[in-house]
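Student: I am new to this structure. Please take a close look at a single part of it, and then place that part among its surroundings.

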Amino acid sequence: MSKKKAGSFKDGIQTFGRSLLLPIALLAPIGMVMGICSALGQSYMIEKFPILDAAVLKLIISGAKDITSIIFNNIPILFAMGVAQGMAKKEKGIAVFASVVGYLTLNTVMNVFLKNTGTLADADTMAQVGQGMVLGVQTLKTEALGGLISGLVAAKVADKFYNLELPLAFAFFGGKKSIPIITFVCMIPIGLVLPIIWNLLISFLISISFIFTTNYIGSGIYYMLHRALIPFGLHHVLAAVVRFTEAGGTYLINGTEYVGILPAVNEILFNLGPDSPYWAELMPKLTSYLGGSQMLTTLFRIPAIGLAMYHTSYLKNRKMCKGVIVTCVLTAFLGNITEPLEFSFLFISPQLFAVYCVLCGLMTIPYQFLHISIGYIRGTIFDFGIFGLMYENTHWLNLILLGIVNFVIFYFVFKFFIKKWNLETPGRESFEIEESASTLLKDKNWPEIARIVVENLGGPENIVHVENCVSRLRIDLKDPEQVNQTGLRDSGCAGIFFPSKNHIHVVFGPHVEFVRNAVDKLLKG
């Protein structure tokens with residue numbers, strides 16, 4: 001494979017990983033509401049707080065649970081739309097529409113295949129053979145994969161046929177209108193082939209699941225890889241595969257099979273509760289792949305790294321770097337966004353990031369030994385309060401004890417290597433930090449930030465394309481030699497790096513969308 005093709009493939013994989021951010025961003029807050037409502041509606045919670053048994057309050061809680069659960073019951077179609085929106089370069093809106101058409105078509109074609117091959121299972125046994133009801137149709141439960149395939153096909157069709165010209169008699173169906181029609185046609189053979197290879201795929205995923213689902217060490221391997229894939233934007237792909245497919249294991253709970261980590265956690269956490277024997281048996285393992293183990297990073301490791309950076313910063317820069325470090329730490333602590341701080345040392349010292357990944361994996365291993373059982377998806381302080389303190393049998397004190405050990409180890413390891421390798425972490429830059437750089441983000445001066453960014457990227461004429469993910473501006477450039485990284489840091493960004501020759505990432509944290517909007521406005525004049 002040529003370097004050009006290899007680079008194009010890598011960029012495609014990165015774009016695919018970023019496209020999952022949209023549905024995942026929806027799942028996080030909706031999951032929080034669903035989790036709160038499910039927790040407050042359980043019998044043991046009502047026994048502790050009798051006010052929850054009040055008719056009106058009970059109606060509100062149960063209603064909110066039912067409303068939010070519809071999102072989690074339709075994760076594949078959310079992935080289909082998210083991938084179509086993220087991957088399509090042309091006509092993104094039509095691509096999203098076509099992805100829904102494709103997903104409906106896929107499930108119906110598989111239903112027809114199962115009927116005509118005599119393999120459509122009875123209602124009592126369909127779960128055991130990987131079948132189930134999807135949008136009112138009994139079909140193969142391809143879960144997230146079905147949505148991903150539909151989204152990818154729709155995006156590819158949109159890019160290839162958005163400007164399709166047809167003979168005059170059929171001209172009405174050309175151009176944009178052809179996208180959902182062609183997607184519909186493409187999904188028919190896919191729906192006929194997929195059932196044939198589905199059993200082989202399931203067998204393969206199950207065969208490799210032991211890598212991540214091995215008791216005690218599996219979650220450590222998973223978490224190490226999860227951190228290591230962050231620079232490439234692939235950590236979302238890994239998380240989605242483990243959470244929603246056979247690679248995360250299959251779990252038999254009260255006679256029903258649950259595929260992936262998250263469906264099993266949902267059943268135990270929200271329906272069975274802490275008194276269930278499945279809680280003690282499965283929750284320490286399952287939650288070590290979710291918010292429970294993530295709390296070790298957001299609540300302990302990131303603050304420890306931030307403190308190490310502050311204590312190793314130069315005195316002359318400490319006042320300015322303090323705001324940047326505190327903001328990065330709070331972003332992780334309150335919002336589960338760790339990238340700003342991670343990117344502050346990732347590309348100035350890849351070897352330190354490697355140490356970070358290995359440490360994250362090793363220090364996750366004790367989680368299961370300590371029987372910690374704290375859900376849910378995210379790892380914020382709010383999750384700790386709701387799913388740790390408000391639930392019984394979570395062993396939240398053990399998480400704090402393990403977290404303290406993590407804090408101490410990460411603090412001293414980072415302090416040692418920052419000094420040993422003389423790294424330019426925040427506050428240790430070889431140039432003076434302008435005071436304005438630490439106040440621009442605080443003052444939300446988006447136009448000035450955009451001006452600094454565009455000017456130090458070589459001006460509008462050097463900028464080919466601008467987009468953003470959850471924390472980064474992602475910019476294609478004509479000539480990377482025109483970038484002034486020293487001047488670019490005056491914008492208040494937390495990190496700068498080149499994942500490829502003509503592509504730069506500038507880290508701004510959760511406010512990046514406002515920066516991107518200001519940059520777009522400036523470029524349009």
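Tutor: The answer starts with one residue and its strand, then moves outward to cores, helices and charged pairs. The model is predicted, and local features need pLDDT of at least 70, side-chain atom pairs count only at pLDDT 80 or more, while totals for chains, interfaces and linings use all residues. Residues are numbered from 1 along each chain as its sequence is written, and side-chain values use heavy atoms, with hydrogens and water left out.

The part chosen is Arg474, which lies in strand E6, residues 472-477. Strands (E, at least two residues) and helices (H or I, at least four) are DSSP runs, numbered from the N terminus. Arg474 is buried, a term for under 20% relative accessible area, with exposed meaning over 50% and partly exposed the range in between (1.4 Å probe, protein chains only). The strand around Arg474 is covered as well: five of the six residues of E6 are buried, so E6 is largely enclosed by the rest of the structure.

What does the charge of Arg474 meet? Arg474 has no salt bridge, which is defined as a side-chain nitrogen of Lys or Arg within 4 Å of a carboxyl oxygen of Asp or Glu. The nearest side chain of opposite charge belongs to Glu467, 5.1 Å away; in this count Lys and Arg are positive, Asp and Glu are negative, and His and the chain ends are not counted. The side chain of Arg474 does make a polar contact of 3.3 Å with the side chain of His505. A polar contact is a pair of N or O atoms within 3.5 Å; within protein, one must be able to donate a hydrogen and the other to accept it, and residues adjacent in sequence count only if both atoms are side-chain atoms.

His505 is also the bridge partner of Arg474 in E8. E6 and E8 pair in the antiparallel sense over five bridges, where pairing requires that DSSP find at least two bridges between two strands. E6 is also joined by five bridges to strand E5 (residues 463-468), and these two run antiparallel. In that pairing, Ile463 stands opposite Leu477 of E6.

E8 (residues 503-507) is in turn joined by four bridges to strand E7 (residues 495-500), again antiparallel. E7 and E8 form a hairpin with two residues between them. Gly495 stands opposite Val507 of E8.

Next come the cores. A nonpolar core is a set of buried Ala, Val, Leu, Ile, Met, Phe, Trp, Tyr and Cys residues joined through side-chain atoms within 4.5 Å. The largest has 70 residues, and Leu269 and Tyr376 have the most contacts inside it. Helix H7 (residues 144-161) gives the most to this core, with eight residues. Apart from it lies another core of 32 residues, which includes Val507 as well as Cys357, Phe417 and Ala494. In soluble globular proteins, nonpolar side chains tend to be buried together.

Among the helices, H16 (residues 339-346) is mostly covered, with eight of its eight residues buried. Glu339 and Glu342 are among those buried residues. Helix H6 has 25 residues; its expected span, 1.5 Å times one less than its number of residues, is 36 Å, and its end C-alpha atoms are 36 Å apart, which agrees. Leu114 is placed in H6 and is buried at 4% relative accessible area. Leu114 and Leu192 are 78 residues apart in sequence and 9.3 Å apart in space, C-alpha to C-alpha. Just after H6, Gly118 takes a positive phi of about 70°.

Although Arg474 has no salt bridge, the count of salt bridges comes to six. Lys176 and Glu91 form one of them, at 3.7 Å from N to O. Lys176 lies in the loop between H7 and helix H8 (178-208) and Glu91 in the loop between helix H5 (75-87) and H6 (92-116), so the pair ties together parts that are 85 residues apart in sequence. Lys176 is partly exposed at 45%, and Glu91 is partly exposed at 28%.

Other pairs lie within one helix. Arg451 and Glu455 meet in a salt bridge of 2.8 Å, N to O; both are in helix H22 (residues 446-456), four residues apart, about one turn of the helix. Glu448, Arg451 and Glu455 are linked in a network of salt bridges. Arg516 forms a salt bridge with Asp520, the closest N and O atoms being 2.6 Å apart, and both lie in helix H24 (residues 512-524).
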